[in-house]
Structures are given as structure tokens and as C-alpha cells.
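Q: Please walk me through this structure and show how each label follows from its cut-off.

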Amino acid sequence: MDILAEALESMRTGRPTSVRTDGHAPWGLRLPPAAGAGFHVVLHGSCWLVPMDSPHLEPVPLDVGDVVFLRSGSRHVLADHPGTPGEVPGPERYTKAPPIGSVVLGDGDGGGARTSLLCGNYHLDMARPHPVVRQLPEVVHLRARDGRHPELSAAVRLLGAELDNPRIGSEGIVPALIDSLLLYILRAWLEDQPAEAEGWSTALRDPAVAPALAAIHDTPSAAWTVESLAVRSGLSRAAFARRFTTLVGEPPMAYLTRWRMTLAAKLLRDSDVPLLTVAARTGYSTEFALARAFKREYGIAPGGYRRQTRAA
């Protein structure tokens with residue numbers, strides 16, 4: 001089981017949305033807070049990202065091929081220069097041309113430098129983010145010129161080619177590439193972290209913690225205990241519990257419960273399976289046991305959660 005892919009899939013509340021943005025200097029785009037996480041890919045030219053909700057963050061220069069990921073979808077401005085004010089284009093400025101819509105900013109006839117970006121949002125449940133996402137910095141900037149992530153750069157080039165020259169199949173290829181981009185972004189950031197770092201970047205490759213995480217994700221319905229997970233790690237119960245808590249950010253049984261509840265919520269949102277089936281798949285012997293644990297985590301009974309999310 002790919003833990004990173006599964007963790008992201010468990011948080012999804014909808015498919016990504018995106019738009020191509022073409023700016024001709026001077027230009028500025030102001031983006032309001034968004035549900036989920038934001039992302040930008042520089043297809044041509046260069047620009048600046050100016051965070052608005054984090055005064056301690058400096059403007060970020062972006063060059064062609066760069067990718068930026070905003071963990072909590074916070075407010076920011078994209079512009080040709082940090083001092084250029086951002087505008088919020090009205091709906092009439094957007095063109096619904098396949099494979100995705102587009103918007104043009106600035107004076108295209110003025111001869112100013114051109115920048116082209118893919119801008120969008122990943123619709124993720126950030127009210128209860130998986131720890132692998134929660135541990136990310138607010139702004140993740142992956143520079144193309146560093147050359148450390150050839151797969152990510154290849155995905156960016158493919159996206160650029162499909163958007164510059166749409167052909168048969170582009171309407172299916174582009175959304176799939178945008179979907180894959182999220183995994184490439186997170187993998188690249190995790191692989192950039194130093195080997196001695198604490199957190200998920202180390203947990204996913206740690207010889208003691210990684211097997212325990214894989215066991216929890218492969219069979220969340222099993223009757224796991226700290227002792228049985230420790231056996232897989234090759235450590236004593238106490239040593240395993242300490243190492244797991246240090247790297248993952250919570251004790252083994254707390255993570256097991258969190259993951260079971262995350263899976264239960266996804267089943268309730270995305271399927272019509274009976275509550276007893278949800279309970280069995282997440283390690284609870286009865287609907288009552290599931291309801292008690294679920295209400296403790298979410299503050300609402302499973303049936304009410306299903307109705308609430310369907311209505312939303």
C-alpha cells in the first residue's frame with residue numbers, strides 16, 4: 001500500500017480545479033482564501049508570489065518550471081513584481097476553452113513581459129488533515145533550476161505542452177496530470193528533507209516505523225496493539241512507541257484510531273455501504289462501537305455525518 005497516495009486520497013473532497021493565467025506586465029492576481037490547498041506552476045516567464053496571511057514570509061520569486069504549493073489555501077498575490085497590486089478578475093474575464101479555462105491579465109498589446117501559469121486548488125479536507133500534510137510548511141517552493149526532481153519537471157513539461165497545443169485527448173490528459181502533480185509535489189518535498197529530520201519524511205523510510213505504518217494502512221481492521229506493531233519494527237514495545245511518537249507526531253494507537261476514523265468518514269461520504277460494513281472495515285465489531293469512536297472524533301454520529309456531507 002502506498003501510504004502517501006492513500007493519505008492524500010483519504011483527504012480528497014472533490015477533484016482539482018484549475019485555470020491557465022496569462023499575464024502581461026504589469027499584472028497582478030489577488031487570490032482569496034480557498035478550501036483545500038492551492039498550487040501554481042510557472043509554464044513560461046517568471047513572477048512573484050506575495051503571501052498575505054503570513055507577514056513573516058517574504059515574497060517568493062518564481063521562475064519557469066517552478067512549482068509552489070500552499071498547504072492551507074491562504075490568501076496571496078501573484079504578480080510581475082512584488083509591488084504590483086493584485087486584482088480579482090470578474091467572471092467575464094474568464095474563457096472556457098478546453099482543456100481548461102483561462103484568464104488574461106495586463107495589457108497584451110503593451111509589450112510587457114509575458115508570464116503563463118497553471119493556477120488551481122486541490123480540494124482537501126483541511127479540517128482534519130493527515131499528519132503528512134499537516135507537517136508541511138505553509139508555502140512549499142520547488143525550484144526547477146535545482147534539478148533535484150526530474151519526474152516533477154517532466155510532469156510540468158507535459159502539462160505545458162498539452163496546454164500550449166491542445167490535441168485529441170488533452171481534456172483527459174490534463175486533469176490526470178494535475179491530479180498526479182500533487183503526489184509529485186509532496187514526494188519531492190519529503191525527499192528534500194535531511195535524513196536526520198523528525199517527521200513524516202523520516203517516518204516513511206524508517207526501518208522501525210515504516211513497517212508499522214504499512215501494517216496499519218494495509219489492514220486497518222486488524223486488532224493491532226502496540227506490542228504487535230512493535231514486533232514488526234524489531235524494537236521493544238517502549239522503544240517502538242517512543243520512536244513512532246517522535247516521527248509520526250502521535251502515539252501508535254492514536255494514529256491507528258485517527259486513520260480508522262479517516263477511512264470511516266471517506267466511506268460515509270463516498271459510498272452507501274451500511275454502517276455495519278463501515279464498522280467492520282475500520283476495526284469495530286458493532287455499529288455502536290463505531291458510532292462512539294466516530295462521535296468522539298467528529299462530534300457527530302456516523303449517520304448524521306453522512307447526511308450532512310451529502311447535503312453539502
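A: Happy to. Let's begin with an open sheet of 4 strands, ordered β2-β7-β4-β5, whose pairing is antiparallel. Its edge strands are β2 (28-31) and β5 (60-62), each pairing on one side only. On average, and with direction ignored, neighbouring strands here are turned by 20 degrees against each other. This is a predicted model, where local features need pLDDT of at least 70, side-chain atom pairs count only at pLDDT 80 or more, and totals for chains, interfaces and linings use all residues. Residues are numbered from 1 along each chain as its sequence is written, and side-chain values use heavy atoms, leaving out hydrogens and water.

Q: What makes β4 and β5 a pair of strands?
A: Strands are DSSP runs of E with at least two residues, helices are runs of H or I with at least four, and both are numbered from the N terminus. Two strands pair if DSSP finds at least two bridges between them. Strand β4 (residues 47-51) is joined to β5 by 3 bridges, and the two run antiparallel, so the requirement is met. Within this pair, cysteine 47 stands opposite leucine 62 in β5.

Q: In what order do the 7 strands of the other open sheet run?
A: The order is β8-β9-β1-β10-β3-β6-β11, with mixed pairing. At its edges are β8 (94-95) and β11 (139-142), each with pairing on one side only.

Q: How do you know that β6 and β11 pair?
A: There are 4 bridges between strand β6 (residues 67-70) and β11, and they run antiparallel. That satisfies the rule of at least two bridges, so the two strands count as paired. One of the matched positions is valine 67, whose bridge partner in β11 is leucine 142.

Q: Which strands do helices α3 and α4 lie across, and at what angles?
A: Helix α3 (residues 150-164) lies across β1 (17-24), β3 (37-44), β6, β10 (114-122) and β11, at about 70 degrees to β3. Helix α4 (residues 170-192) lies across β1, β3, β6, β10 and β11, at about 90 degrees to β11. The angles run from 0 to 180 degrees between N-to-C directions, with axes as lines fitted to C-alpha atoms, for helices over the stretch in contact.

Q: Why is proline 302 called buried or exposed?
A: Buried means under 20% relative accessible area, exposed over 50%, and partly exposed in between (1.4 Å probe, protein chains only). Proline 302 has 3% relative accessibility, so it counts as buried. It is found in helix α12 (residues 302-311). Leaving out residues up to four places away in sequence, proline 302 touches Leu268, Leu275, Leu290, Ala291 and Phe294, where contact means heavy atoms within 4.5 Å.

Q: What makes glutamate 227 and arginine 237 a salt bridge?
A: The term asks for a side-chain nitrogen of Lys or Arg within 4 Å of a carboxyl oxygen of Asp or Glu. Here the closest N and O atoms are 2.7 Å apart, so the pair qualifies. It links distant parts of the chain, glutamate 227 in helix α7 (residues 226-233) and arginine 237 in helix α8 (residues 237-248), 10 residues apart. Glutamate 227, at 42% relative accessible area, is partly exposed, and arginine 237, at 45%, is too.

Q: Why are aspartate 270 and lysine 266 separated by about one helical turn?
A: Because they are 4 residues apart in helix α9 (residues 252-270). Their salt bridge is 2.8 Å, N to O. They also belong to a network of salt bridges with Glu9, Arg12, Arg15 and Asp179.

Q: Where are aspartate 272 and arginine 310 in the chain?
A: Their salt bridge has its closest N and O atoms 3.0 Å apart. Aspartate 272 is in the loop between α9 and α10 (275-281), and arginine 310 is in helix α12, 38 residues apart. Aspartate 272 is exposed at 63%, while arginine 310 is partly exposed at 41%. The structure holds 19 salt bridges.

Q: How do you know that arginine 128 lies over tyrosine 298?
A: For a charge over a ring, NZ of Lys or CZ of Arg must be within 6 Å of the ring centre and within 35 degrees of the ring normal. Arginine 128 is 4.2 Å from the ring centre of tyrosine 298, over its face. Likewise, the charged end of arginine 260 sits over the ring of tyrosine 284, 5.8 Å from its centre.
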